[in-house]
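Got the viewer open? Here is a short tour, going from the whole chain down to a single side chain.

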Amino acid sequence: MITPLTALPAFPVYSCAFISDDLLVAGGGGGTSRSGIKNKLRLFRISVKQQLESLAEFELDKDEDAPMSMAAHIESRTIVCGINSAISKLEKGENENCRKFVIGGGDEFKFTLLGTRGTISPANTEDYQRLSVLSNDAQFVAVGSEHELTLLSFEGLSPVAQPIRVPRGELYDATLSPTHLILATSINLLIYALPAALRLRRKDDRGNATIDNLRNPIDTLPELKLVETLDIPAISTIPAGATVTFRAARLHPSDMDVLYSVINVTLPRAPKAKTAKKQAYVLKWRVSTADDGPFSAILEASRKINEGSLTCFDVSPDGKLLAFGVSDYSLGILDANNLAPLLSILKAHEFPITALCFNPSSRLLVSGGVDSSIRIIDIPEKFGGLPWSATILIMLAILGVILAVMMSRA
């Protein structure tokens, strides 16, 4: 079921994450502009009828930026998000851009700040933490700005490796396996091997993976070794002269040998056209991230998903669905196995979609936009049993049989 847009007066949404199946944290506000719109974190409960109930909010200090990216740990109801400090602090050389909150329950929900970490130079007031990505075992959180990524321990937000400086292009996304870190830049995919010390995980009393040396000071942080670079592959339907950039990359949540990436394409402008047309493609790779062998990648499939540039992307926790938002305000869902289209909403928002995430059970998809709205989509278990493409083919086949019978009787 697709619910109508839920308006959130004076709350442009830039990031969101679920901390349980029905509890959603959204980050937004007016940013650093003097619009008068306050920057906040807000907690919502999604009812059985897909209605939003506001439970708590955390108002940021004056002149601090809006939460621009977010990652959540379900078990601890903890989030890590990117929030630039106020200009007055930046001018003093301080920027607590990476922040960790816990959302307490009980009689009253509330946000409690657990810690902060500065990973972005205060000298660049225009830069911000555009990505926050948590590893599957909740050991690490990768936080990135336009050209630099820092790998932190999730527990204490302390650096566990030397920062990575992207030599060319812009940094857009990151994804982690137990052995590798994959960065999506506008130009290529960069694959880094995690040092041996970061791969040696043991289990604590609750069954969670831990690394002994994360609790101790590290005098010399190890470097992340670049082991492979994947350039943008040639795709027959993309004409020569087109400008192609990577926009996202995500490993399958349970099958680390499957990698999804997204490319945006700007076609050569036609002679009389005012603007160049844009397209977006989803790519499916078969990769090898085994600890005992070299990294390898083979492009298995690709699909053009829209006439427009992709703005956000997510993979469902059960690994069955891919969701994307596009600059033309549309939203879509694909089958993660064969990239077949399953659902498309042509005008999901009034402005481009800026945030997108599935809930832990993969039964809800939430999108947010700068139009101060959130859309909730209830995901059917099988989309009526078949993908729309298969349904159309069956309907055409039935129509063909009916026409054949009618012609035989004529």
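Start with a surface view of the whole protein: about 19,600 Å² is exposed, with carbon and sulfur atoms supplying 53% of it. Keep in mind that this is a predicted model. Of the 410 residues, 49% count as buried. Switch to cartoon and you'll find three helices and 30 strands. Contacts are worth a look too: among those between residues at least 6 apart in sequence, 49% join residues at least 24 apart.

Next, select β20 through β23. These four strands make an open sheet in the order β20-β21-β22-β23, paired antiparallel. Colour 243–251 (β20) and 296–306 (β23): these are the edge strands, and each has a single partner, so one side of each lacks a neighbour in the sheet. Look along the sheet and you can follow the turn between neighbouring strands, 25 degrees on average with direction ignored.

Now zoom in on the pair β21 (residues 258–266) and β22 (residues 278–288). They run antiparallel and are joined by nine bridges. To check one of the pairings, pick L259, whose bridge partner in β22 is W285.

Last stop: M256, in the loop between β20 and β21. Is M256 buried or exposed? Its relative accessible area is 17%, so M256 is buried, the cut-off being under 20%. Show what surrounds the residue: beyond neighbours within four places in sequence, M256 contacts N136, L176, S177, P178, L251, V287 and T289. Finally, draw a distance from the C-alpha of M256 to that of S288; the two residues are 32 apart along the chain, and the line should read 8.0 Å.

Conventions
Residues numbered from 1 in each chain as written. Predicted model: local features only at pLDDT ≥ 70, side-chain atom pairs only at ≥ 80, totals over all residues. Heavy atoms only, no water. Pairing = 2+ DSSP bridges. Helix = DSSP H or I, 4+ residues; strand = E, 2+ residues; numbered from the N terminus. Axes fitted to C-alpha atoms, helices over the stretch in contact; angles between N-to-C directions. Buried < 20%, exposed > 50% of the residue type's maximum accessible area, 1.4 Å probe, protein only. Contact = heavy atoms within 4.5 Å. Areas by Shrake-Rupley, 256 points an atom, 1.4 Å probe, with all protein chains shown as cover.
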